[in-house]
Amino acid sequence: MLSGTRILVADDDLHLLRAVASALSRLGADVTRAANGAELLYNLTDKGPFDLVVADIGMPWMTGVQAMLATRTAVSGTAIIIITGLPDESVLDSVSELGEHTVLLRKPFDLNQLESAVTTLLEQHSRARAANNKT
């Protein structure tokens, strides 16, 4: 299903990082893991480009949103899923700053919700890229 898709998953909760990365790998994705904001930045700049980034909003050193904003050029054209357990509605404002092809997924979520968000976002992103290439 996700064969050939490069995905970067970042979360400081190592159990969730392992679960999300494993689920996406089982779907055929080539998954790179990051356990904090520093690793997220390193992977974005040194191992990219990625088709999709799944990043926790609250990580040590730098949040997922901060990392994505700081590397906006490196992630230009990358679909993004921000995951959070924070109930604060202001999170939506931070996530919206990342632009199109960005989704907020609230914890706790099940792997079916993750899979649905990933496939929907990648399909939308692929269609938008194809339309841009025609112009």
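**Exercise 1. Getting to know E115**

Leaving aside neighbours within four places in sequence, find which residues E115 is in contact with.

*Solution.* Start with the contacts: E115 touches M1 and L27, where contact means heavy atoms within 4.5 Å. Before going on, note that this is a predicted model, in which local features need pLDDT of at least 70, side-chain atom pairs count only at pLDDT 80 or more, and totals for chains, interfaces and linings use all residues. Residues are numbered from 1 along each chain as its sequence is written, and side-chain values use heavy atoms, with hydrogens and water left out.

Next, place the residue: E115 belongs to helix 5 (residues 111-134). Helices (H or I, at least four residues) and strands (E, at least two) are DSSP runs, numbered from the N terminus. Then look along the chain: L24 is 91 residues apart from E115, yet their C-alpha atoms are separated by 7.7 Å. Finally, E115 counts as partly exposed because its relative accessibility is 26%; buried means under 20% relative accessible area, exposed over 50%, and partly exposed in between (1.4 Å probe, protein chains only).

**Exercise 2. Buried or exposed?**

Decide whether T5 is buried or exposed, and explain why.

*Solution.* First, locate T5 in the segment before strand 1 (6-10). Second, read its relative accessible area, which is 12%, so T5 is buried. Third, list its contacts: not counting residues up to four places away in sequence, T5 touches A29, D30, D51 and L122.

**Exercise 3. Following the strands**

Work out which strands pair with strand 3, and in which sense.

*Solution.* Two strands pair if DSSP finds at least two bridges between them. Step one: strand 1 and strand 3 are parallel and share four bridges; here V9 has V54 as its bridge partner in strand 3. Step two: strand 3 also runs parallel to strand 4 (residues 79-84), with five bridges joining them, and V53 is partnered by I80.

Step three: check how covered strand 3 (residues 52-56) is. Five of its five residues are buried. L52, V54 and D56 lie on one side, V53 and A55 on the other, and both faces are covered.

Step four: carry on to strand 5. Strand 4 and strand 5 run parallel and are joined by five bridges, with V103 as the partner of I81. Together with helix 4 (residues 91-96), these two strands make a right-handed β-α-β unit: with the strands pointing away from the viewer, the path from the first strand over the helix to the second runs clockwise.

**Exercise 4. Two special peptide bonds**

Find where the cis bonds that lead into P49 and P108 lie.

*Solution.* Take P49 to begin with: the bond from G48 to P49 is cis, with omega near 5°, and P49 lies in the loop between helix 2 (37-46) and strand 3. Now P108: K107 and P108 are joined by a cis peptide bond with omega about -5°, and P108 sits in the loop between strand 5 (102-106) and helix 5.

**Exercise 5. How confident is the model?**

Name the elements with the lowest and the highest mean pLDDT.

*Solution.* Recall that pLDDT is the predictor's confidence in each residue, from 0 to 100. For the chain, the mean is 83, and 87% of its residues reach 70 or more. Among the elements, helix 3 (residues 64-70) has the lowest mean, 63, while strand 2 (residues 30-34) has the highest, 96.
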